[in-house]
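Thank you all for coming this morning. I would like to walk through one structure with you, pausing at a few places on the way.

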Amino acid sequence: MSKHRRKTISVIGAGNVGEHVASLALLKGLGDVRLFDIPRKEGDKVFEPVKGKALDLQQMLSALEIDAKVEGFTVSPDGKSGYETLEGSDIVVITAGFPRRPGMSREDLLDKNIQILKAIVPNIQKYAPNAIVIVVTNPVDTMTYVTYKLLNFPTKRVMGMAGILDSARFRTFISYKLGVSPKDVHAYVIGGHGDEMVPIISRSNVKGIPLENLLSEEEIKEIVERTKFGGGEIVALMGTSAYYAPAMAVVEMIESILLDAKRIHPCSVYVEKNGFYEVEDICVGIPVLLGKDGWEKIIEVPISEEERQQWRKSVESVKRTVEIAKKFL
Ligand code: APR
């Protein structure tokens, strides 16, 4: 028998996104899954939803006849207990965090989510020092920056999920407009995961036909706007943020890494200095090559002058949030 073992994917925060990451990764047969989350108190009753979710998922696998192990672990909110089983993780996904609530400023949210990261990160350092870490918690570029700084892992082993999701939205809306399969739509989004994201129109095409040959300027503008507010559109409908597409975007990253697929995806990564993208000491969405070592290389995509202006604006906006975050580090 070879020493082959199934890969281990740990997900910290088994809320909407986390549980769907688990379920999709299991369905794709990517490995075993360990879920970590805090208990939920109602009056004097204490629930451990993470353990229930793991059991439910394990039973789903029996029905599907998929061999994998799913386990749930209740952790303390301060990170002081429950994380020993992170040991041996190949991938750690962080979705733990709070969404922004009415009356809460961006700074309040940053502070709250950074405190959560501060509780989690020492456990990854201690128990999973060789893992590749994927950050989902919003505002994702800043949270990836904070995780990277706190974690002190090699740059290539820390990344944030955003660009794949924004690109999936962009491709969906293009496919709606043109009545073609999104599989044949090649289009993607770089920059910060926010209102200033940059859909790369000049490089977008449908089976090689430039988007600009297929749609009018007005139609493209409409699609770009819908993409930028794609997350908000879902929040307005559901009263909570999206989770199917975000989870699938995370699973695409996991798959590329675990299968050493060398796929090119926009991900939020720490860049110390890059002349082509004109950035320094920031995490922002850039096309990278994903393989067994994490994000292995930055891909330099030629963009138009107009897109470069938008890119600079987007980087500035991420920088502002990173500066605020530094106060809480
Ligand atoms: N330790 C571990 N888990 C925690 C902690 C903590 N200290 N604090 C909160 N969590 C857990 C919550 O209990 C919850 O189950 O994080 C989970 C977050 O899940 P949801 O609230 O359902 O949020 P979700 O929609 O999954 O989004 C997760 O991704 O898109 C971003 O903005 C979004 O930051 C949010 C993250």
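I will begin with the charged pairs, go on to the backbone, and end with a buried acid and the surface.

Please keep in mind throughout that what you see is a predicted model.

Let me start with the salt bridges, of which a search of the whole structure finds 21. As background, side chains of opposite charge can pair when their charged atoms come close. One of these bridges joins the side chains of Arg263 and Glu252, with a distance of 4.0 Å from N to O. That pair links distant parts of the chain, since Arg263 sits in strand β14 while Glu252 belongs to helix α9, residues 244-258, and the two are eleven residues apart. As for their surroundings, Arg263 has a relative accessible area of 45% and is therefore classed as partly exposed, and Glu252, with a relative accessibility of 23%, also counts as partly exposed, although that value is not far above the 20% under which a residue is called buried.

The next pair is Asp281 and Lys326, whose side chains meet in a salt bridge at 3.7 Å, again from N to O. Which parts of the chain does this pair tie together? Asp281 lies in strand β15 and Lys326 in helix α10, which runs over residues 305-326, so the salt bridge connects parts that are 45 residues apart in sequence. Asp281 is partly exposed at 25% relative accessibility, and Lys326 is likewise partly exposed, with a relative accessible area of 33%. This pair does not stand by itself, for Lys149, Asp281, Glu323 and Lys326 are linked in a network of salt bridges.

A further bridge is formed by Lys292 with Asp293, where the closest N and O atoms are 3.5 Å apart. Here Asp293 counts as partly exposed, because its relative accessibility is 41%.

Let me turn now to the backbone. Is the peptide bond from Asn138 to Pro139 cis or trans? In this model that bond is cis, with omega near -5°. Pro139 lies in the loop between β7, residues 132-135, and α4, residues 140-151, and Asn138 is found in that loop between β7 and α4 as well. Asn138 is partly exposed, its relative accessible area being 39%. If you look across from Asn138 to Phe98, which is 40 residues away along the chain, you will find the two C-alpha atoms separated by 8.3 Å.

Two residues other than glycine deserve a look for their phi values. In Asn152 phi is positive, near 65°, and this residue lies in the loop between α4 and β8, the latter covering residues 158-160. With a relative accessible area of 67%, Asn152 is exposed. Glu278 also has a positive phi, of about 55°, although it is not a glycine. Glu278 is found in the loop between β14, residues 263-274, and β15, residues 279-291, and with a relative accessible area of 40% it is partly exposed.

I come next to the buried acid, Asp166, which is found in helix α5, residues 163-178. What is the nearest side chain of opposite charge to Asp166, and how far away is it? That side chain is Arg169, at 4.1 Å, and Asp166, though buried, has no salt bridge. Asp166 does have a polar contact, however, in which its side chain is joined to that of His193 at 2.8 Å.

Also buried is Gly230, with a relative accessible area of 3%, and this glycine is found in helix α8, residues 230-238. For a sense of distance within the model, Gly230 and Val33 are 197 residues apart in sequence and 29 Å apart in space, taken from C-alpha to C-alpha.

Finally, let us go to the surface. Which residues gather there in a patch of negative charge? They are Glu212, Glu217, Glu218 and Glu306. Of these I will single out Glu218, which lies in helix α7, residues 217-228. Glu218 counts as exposed because its relative accessibility is 54%, which is over the 50% that the term requires.

That is the end of my tour, and I am happy to go back to any of these places.

Conventions. Residues are numbered from 1 along each chain as its sequence is written. This is a predicted model: local features need pLDDT of at least 70, side-chain atom pairs count only at pLDDT 80 or more; totals for chains, interfaces and linings use all residues. Side-chain values use heavy atoms; hydrogens and water are left out. Patches are made of residues with over 30% relative accessible area and no salt bridge: like charges are joined within 9 Å, nonpolar side chains (Val, Leu, Ile, Met, Phe, Trp, Tyr) within 5 Å. Accessible areas come from the Shrake-Rupley method with a 1.4 Å probe; for residues, only the protein chains shown count as cover. Lys and Arg count as positive and Asp and Glu as negative; His and the chain ends are not counted. The place of a charge is taken as NZ of Lys, CZ of Arg, CG of Asp or CD of Glu. Helices (H or I, at least four residues) and strands (E, at least two) are DSSP runs, numbered from the N terminus. Buried means under 20% relative accessible area, exposed over 50%, partly exposed in between (1.4 Å probe, protein chains only). A polar contact is a pair of N or O atoms within 3.5 Å; within protein, one must be able to donate a hydrogen and the other to accept it, and residues adjacent in sequence count only if both atoms are side-chain atoms.
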